[in-house]
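Open the model in your viewer and keep the sequence panel beside it. The stops below say what to select next and what is there.

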Amino acid sequence: MRGRSFYRRRPRRYSGPPFWLLAMAAAVIVLLLLWAGTRRTVEVSMEYEMPTQPPYTVALDAGHGGMDTGAEGYLDEVVLCEQTVDALYNLLALDDNFVPVRTRPNGEKYSVDERVETAAQRKACLLMSIHGNSDGDSSSHGFECFPTPPGRVWSQESMAFAQCIAQQMEQAGHRLRGTNGIRFAYYEGKRKILVDSEDDRVRELKSFGILEKAPCPAVLVEQGFVTNAQDAENWASPEGCERAAQVYYQAICQYFGTQPMV
Ligand SMILES: [Zn+2]
């Protein structure tokens, strides 16, 4: 008869990684899967035919939104961006020649890539990114705009559109900054370099992301200075944004050669 084991059986030792580590790894994997599920996986082609007749799809890009409120002054820059996009959207929507598209819903922070993707998905044939300017010197004022710089696919068309905008802005009584209100912007590291529009050398330096990545001709406008009292009143108040939208609408019609509604 076998007696009971004299020795107590030793508990089997687990030799793998500690449980807390496994639990954490599992949690990370679950979170990654959840995150991946929320990402859009649609591949958007950035190349498509530009239409030669109406309706023309115009992408309107509020330069700031959500937690990104932009420059501070007499008002937050984001207010100018969204009010102007709203007003311009409404004008374009009334005109059968155009299909306006927002690159972001108001109140939301979207990355440049996401905004560009929306424009491409909707096959935009023109993109306008709307910003307000700011400066420590409250006397700085006026309008300037930045087309896609030289040497890119849409440089020429972007410049043609910028010229329409600057011309209409001048007619509306806004002061054009620089030679003609049109400049090229580049980044050297964090430093922004502004170049006169007559200097059409092709540079390796990158311009604003929205211009470099846009799937169509594009112009970024600095509608006026939110840090200047006069500009803020004339070009950033609700009436000012309405006025700016009218100017942009005229410029868009001029660019496409369509008859404005009024
Ligand atoms: Zn801005």
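A residue is called buried when its relative accessible area is under 20%, exposed when it is over 50%, and partly exposed in between, with a 1.4 Å probe and protein chains only. Helices (H or I, at least four residues) and strands (E, at least two) are DSSP runs, numbered from the N terminus. This is a predicted model, in which local features need pLDDT of at least 70 and side-chain atom pairs count only at pLDDT 80 or more, while totals for chains, interfaces and linings use all residues. Residues are numbered from 1 along each chain as its sequence is written, and side-chain values use heavy atoms, with hydrogens and water left out.

**The whole chain**

Start with a cartoon view of everything. The chain has seven helices and seven strands, and their order along the sequence is α-β-α-β-α-β-β-α-β-β-α-β-α-α. Of its 262 residues, 44% are buried. A contact here means heavy atoms within 4.5 Å. Among contacts in the chain with a separation of 6 or more, 74% are between residues 24 or more positions apart. Now switch on the surface: the chain exposes about 15100 Å², and 52% of that comes from carbon and sulfur atoms. Accessible areas come from the Shrake-Rupley method with a 1.4 Å probe, and for residues only the protein chains shown count as cover.

**The zinc ion**

Select the zinc ion next. Which protein atoms are its donors? They are NE2 of His64, OE of Glu77 and ND1 of His131, at 2.0 to 2.1 Å from the ion. Along the chain these donors follow the spacing H-x12-E-x53-H. His64 is in the loop between β1 (56-62) and α2 (77-94) and Glu77 is in helix α2, so the pair ties together parts that are 13 residues apart in sequence. Donors are N, O and S atoms within 2.8 Å of the metal (3.2 Å for Na, K and Ca); water is not among the atoms, so sites may look incomplete. His64 is buried at a relative accessible area of 13%, and Glu77 is buried too, at 4%.

**Helix α2**

From Glu77, extend the selection to the helix that holds it. The 18 residues of α2 should span 26 Å at 1.5 Å a residue, and the end C-alpha atoms are indeed 26 Å apart. The expected span is 1.5 Å times one less than the number of residues in the helix. Colour the buried residues of α2, among them Glu77, Leu80, Cys81, Val85, Leu88 and Leu92. What do they pack against? The partners are the strands β1, β2 (98-102), β3 (126-133) and β7 (218-225), together with the helices α6 (229-235) and α7 (238-256).

**Helix α7 and the cysteines**

Move on to α7. This helix has 19 residues and reaches 27 Å from its first C-alpha to its last, close to the 27 Å expected at 1.5 Å a residue. Its buried residues include Gly240, Cys241, Val247, Tyr248 and Phe256. After α7 comes Gly257, with a positive phi near 70 degrees.

Show the cysteine side chains. A disulfide is counted when two cysteine sulfur atoms lie within 2.5 Å; by this rule there are zero disulfides. For Cys241, the nearest cysteine sulfur belongs to Cys81 and is 8.7 Å away. Cys241 has a relative accessible area of 0% and is buried. Cys145 is also buried, at 0%.

**From α4 to Arg177**

Select Gln171, which lies in helix α4 (residues 155-171). Gln171 is exposed, at 60% relative accessibility. Gln171 and Val247 are 76 residues apart in sequence, yet their C-alpha atoms are 8.9 Å apart.

Then select Arg177, in the loop between α4 and β5 (183-188). Is Arg177 buried or exposed? Arg177 is buried, with a relative accessible area of 17%. A polar atom of the Arg177 side chain lies 3.1 Å from the backbone oxygen of His141. Beyond neighbours within four places in sequence, the contacts of Arg177 include Ser140, Gly142, Glu144 and Phe225.

**Two backbone details**

Most residues other than glycine have a negative phi, and most peptide bonds are trans. Find Pro54 and Pro55: the peptide bond joining them is cis, with omega about 0 degrees. Pro55 is in the loop between α1 (19-38) and β1.

Finish at Lys123, in the loop between α3 (112-121) and β3. Lys123 has a positive phi, near 55 degrees, and is partly exposed at 48% relative accessible area.

Definitions and conventions. A polar contact is a pair of N or O atoms within 3.5 Å; within protein, one must be able to donate a hydrogen and the other to accept it, and residues adjacent in sequence count only if both atoms are side-chain atoms.
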